[in-house]
Amino acid sequence: MNRNLRKRSGICALAVACLVLSMSVASETAQAGDDDNDRGLVFPPGAKISGSTYREWTAKWWQYIFPIPSPANPTNDTAGNFCDVAQRGPVWFLAGSGSGVPVTRTCTIHAREKPIFFPIINVECSTQDQPPVSYPNGFHCTDGSSCTTCATLWGALLDSNSLKATVDGHEVTALNKFHFQSPPFEFRLPGNNILGTGSPGAGTSVTDGYWLMLKPLRPGHHTLHFEGALPSASFTVNVTYELTVAP
């Protein structure tokens, strides 16, 4: 979902094809499985990118998001002011929105030759979620096992038929194949955090949802759009990025 639901994105010669594949940035396993009509925009579900699977990157994404104070947190961004906050490492993270209303963000990202990772829509359960109420009325859990159960139950309610994702007007298809759940992971929160605990702390979490890892975009302007829904909570994600990839 991208933060909590309460407040809380001719015939080519074989040699040429192999060359393109070998130049695919940051993927140690460029596996077969791209749908012909997704135009090769995303890494396939079974890929490893910079040594990690999609499942592992979902945990890394939340470990990036959780420590950022709420006022500058990318999940709360309404215009594109926080696209580059705390970005480091081999993959560029983009956020969805927890607002439940359409959001358009315009920003420049320094992601040349970097894959771009984001949730179309996801849920997370954690030992720090407030109020401390478990499924089906909340997202609180007590340990890795209960967090996994909580995330699984919420994740099953995400509507795969609502999913949409386009890059420069080109549709990414078969989005139901990009459903991933993280392993249990540890995280830290600042005092003014997106979970609303009001104090710094640490916790355990599991996330479940639909995620995409875009292959590196060429320098210049690109439009990214994605949508998803959790009907049982009357929650939707509808995010557009007008991105400029810096040269």
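Let's start with the second largest pocket in this predicted model. Which element gives the largest share of its lining? That is helix α2, with four residues. The full lining is W57, K60, Q63, Y64, I68, A86, R88, G89, P90, V91 and F93. If you sort those residues by class, you get seven nonpolar, two polar and two charged. The space inside that pocket is about 160 Å³.

Now stay with helix α2 for a moment. It covers residues 54-65, which makes twelve residues. Here is a check you can do yourselves. At 1.5 Å a residue the helix should span 16 Å, and its end C-alpha atoms are indeed 16 Å apart, so the two agree.

Which residues of α2 are buried? They are Y54, W57, T58, A59, W61, W62, Y64 and I65. While you look at that list, keep a general point in mind: an α-helix has 3.6 residues a turn, so residues three or four places apart point the same way. Two of the buried names, W57 and Y64, also appear in the lining of the second largest pocket.

Let's pick one residue from that helix, Y54. It belongs to the largest nonpolar core, which has 65 residues. Y54 is among those with the most contacts inside that core, together with I109, F117, L212, F226 and Y241. As a general rule, in soluble globular proteins, nonpolar side chains tend to be buried together.

And what does Y54 contact, once we leave aside its neighbours within four places in sequence? The list is F43, P44, P45, A47, I49, F117, F178, F180, W211, L212 and M213. Notice F117 and L212 there, because both are also named among the residues with the most contacts in the core.

Next, a residue that meets α2 from elsewhere in the chain. S182 sits in the loop between β9, residues 179-181, and β10, residues 185-189. Is S182 buried or exposed? Its relative accessible area is 1%, so S182 is buried. Leaving out residues up to four places away in sequence, S182 touches R55, T58, A59, V206 and T207. Of those partners, T58 and A59 are on the list of buried α2 residues too.

Another buried loop residue is T75, again with a relative accessible area of 1%. You will find T75 in the loop between α2 and β4, where β4 is residues 92-93. T75 and G96 are 21 residues apart along the chain, and their C-alpha atoms are separated by 5.9 Å.

Now for some backbone details, so have the loops in view. Between β6, residues 116-126, and α3, residues 144-155, there is a loop that holds P131. The peptide bond from Q130 to P131 is cis, with omega near -10°. P136 is also in the loop between β6 and α3. The bond from Y135 to P136 is cis as well, with omega near 10°.

Which residues other than glycine have a positive phi? One is E113, with phi near 65°. E113 lies in the loop between β5, residues 103-109, and β6, and at 52% relative accessibility it counts as exposed. Another is S234, with phi near 50°. S234 is in the loop between β12, residues 220-230, and β13, residues 235-245. At 69% relative accessibility, S234 is exposed too.

Let me finish with two residues that fall in between. T152 is in helix α3, and its relative accessible area is 38%, so T152 is partly exposed. Setting aside residues up to four places away in sequence, T152 touches Q181 and D208. From T152 to E124 the distance is 9.4 Å, C-alpha to C-alpha, with their places 28 residues apart in sequence.

The other residue is A174, found in the loop between β8, residues 170-171, and β9. A174 has 25% relative accessibility, and so it counts as partly exposed. A174 and S160 are 14 residues apart in sequence, and 9.8 Å apart in space from C-alpha to C-alpha.

Key
Residues are numbered from 1 along each chain as its sequence is written. This is a predicted model: local features need pLDDT of at least 70, side-chain atom pairs count only at pLDDT 80 or more; totals for chains, interfaces and linings use all residues. Side-chain values use heavy atoms; hydrogens and water are left out. A nonpolar core is a set of buried Ala, Val, Leu, Ile, Met, Phe, Trp, Tyr and Cys residues joined through side-chain atoms within 4.5 Å. Buried means under 20% relative accessible area, exposed over 50%, partly exposed in between (1.4 Å probe, protein chains only). Contact means heavy atoms within 4.5 Å. The expected span of a helix is 1.5 Å times one less than its number of residues. On a 1 Å grid over the protein atoms alone, a cavity is a set of points where a 1.4 Å probe fits but cannot get out, and a pocket is an open set with protein on both sides within 12 Å along at least five of seven lines; lining residues have an atom within 4 Å of a point. Grid points are joined across faces, edges and corners, and a volume is the space filled by probe spheres set on the points. Ala, Val, Leu, Ile, Met, Phe, Trp, Tyr, Cys and Pro count as nonpolar, Asp, Glu, Lys and Arg as charged, and the others, Gly among them, as polar.
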